[in-house]
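Welcome! Please take a moment with the sequence and the 3D view, then try the short exercises that follow.

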Amino acid sequence: GNKWKILVTEKVGESGLDIFRNAPDVELDVEMGLTEDELIAKLPGYDGILTRSGTTMDEKKIEAGRNLKVIGRAGVGVDNIDLPAASRHGIIVINAPSGNTLAATELTMANMLAVVRHVPQACSSLHRGKWDRNRFTGCQLSGRKLLIIGLGRIGSEVAKRARAFDMEIIAYDPYIPQKKAESLHVELVSDLEGAVSLADVVTIHTPLTEETSNMIDADMLRAFKHGAYLVNCARGGIVDEAAVAEAVREGRLSGFATDVFSAEPLAKDHPFLAEDIAERIVITPHIGANTLEAQSEVSRIAAQNMLMVLRG
Ligand code: NAD
């Protein structure tokens, strides 16, 4: 009989591809690095597409995919997919929200430690032949106040680990019950501006929504405690990037670590790449979910759920 045609456009874990390869009712194409036009030309031939965050499924592509029944996202964020357009065309969008929680959590801890201890800068200085111990004096996490914005899957796991570092933890998340915060030994606060004025380290773990877009803007940054650190492993658009770079430049932020950017890949003239603030900025190229374990999990979960949708 007819087979479901599935297109995979990005590098996903083998476990998901194996699920498709072993399914008797699936014909799989893996096509990485397609241009926008190539993708649009191919889309009509597919019942399902599996992507990560690098494939934008906007209205134009959703219309091009006239046989599409399901869009799978091997990961959490679906901000690269036009959900209203998909729903208007009767296309089901599925993601794999829990598969990369721990990977993103551990990168958050890595970047938090990296920025307060200047790890990347110290490493590259040594690579350049220097032995400069005094330049890289940092600060300890122990005893510091951590504000977690968004106490969901990742935020909660970050809370557990920050507790092991003896941080005092407060969280801002208007959508979770008090009980959840209590069980994590976290004090839930309802005023974001007040909270940022108290925190030594602020870490962001919300989705990118209309409400969170530019949540950390120039005004909010002025409310921060002087010399605080900011960590973002959630989504780029949540912070106003020019305003953050300026706050680092003026020393209002002691440091900023981010894995995500409002436009990816990062432009060559991006404010975070400015030479004069390089000492206090830690940037990683959206690698939060890049562990073998997470890639395998999200790919497996997404593929399984896509098949469930297709088979009805
Ligand atoms: P989640 O849905 O489990 O948690 C998000 C939390 O944010 C929820 O508790 C929600 O109530 C809260 N929230 C929503 N709007 C808010 C607002 N206006 N103010 C405060 N809190 C708000 O999601 P998650 O799995 O923990 O993922 C968190 C973020 O991390 C997402 O943006 C996701 O895309 C991102 N992420 C990034 C990477 C990476 O590679 N860097 C990997 C995985 C996830």
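## Backbone and core exercises

The place of His118, in this predicted model, is the loop between α5 and α6 (119-127).

**Exercise 1.** Find the phi of His118 and decide whether the residue is buried, partly exposed or exposed.

*Solution.* Start with the backbone: phi of His118 is near 55°, a positive value in a residue other than glycine. Most residues other than glycine have a negative phi. Next, count neighbours: His118 has 18 C-beta neighbours inside 10 Å. A buried residue needs 20 or more, and an exposed one has 12 or fewer. His118 therefore counts as partly exposed.

**Exercise 2.** Do the same for Asn214, and say where it is found.

*Solution.* First, locate Asn214 in the loop between β9 (201-204) and α10 (218-223). Then read its phi, which is positive at about 60° although Asn214 is not a glycine. Finally, with 18 other C-beta atoms within 10 Å, Asn214 is partly exposed.

**Exercise 3.** Which peptide bond is cis, the one from Glu264 to Pro265 being your candidate to check by its omega?

*Solution.* Omega for the bond from Glu264 to Pro265 is near -5°, and the bond is cis. Most peptide bonds are trans. As for its setting, Pro265 lies in the loop between β11 (253-258) and β12 (281-283).

**Exercise 4.** Explore the largest nonpolar core and the contacts of Ala171.

*Solution.* This core has 86 residues, and Leu147 and Ala171 have the most contacts inside it. Helix α5 (residues 101-117) gives the most to the core, with seven residues. Now turn to Ala171: leaving aside neighbours within four places in sequence, its contacts include Ile148, Leu151, Ala181 and Leu188.

Notes. Residues numbered from 1 in each chain as written. Predicted model: local features only at pLDDT ≥ 70, side-chain atom pairs only at ≥ 80, totals over all residues. Core = buried A, V, L, I, M, F, W, Y, C linked by C-beta atoms within 7 Å. Helix = DSSP H or I, 4+ residues; strand = E, 2+ residues; numbered from the N terminus. Contact = placed C-beta atoms within 7 Å.
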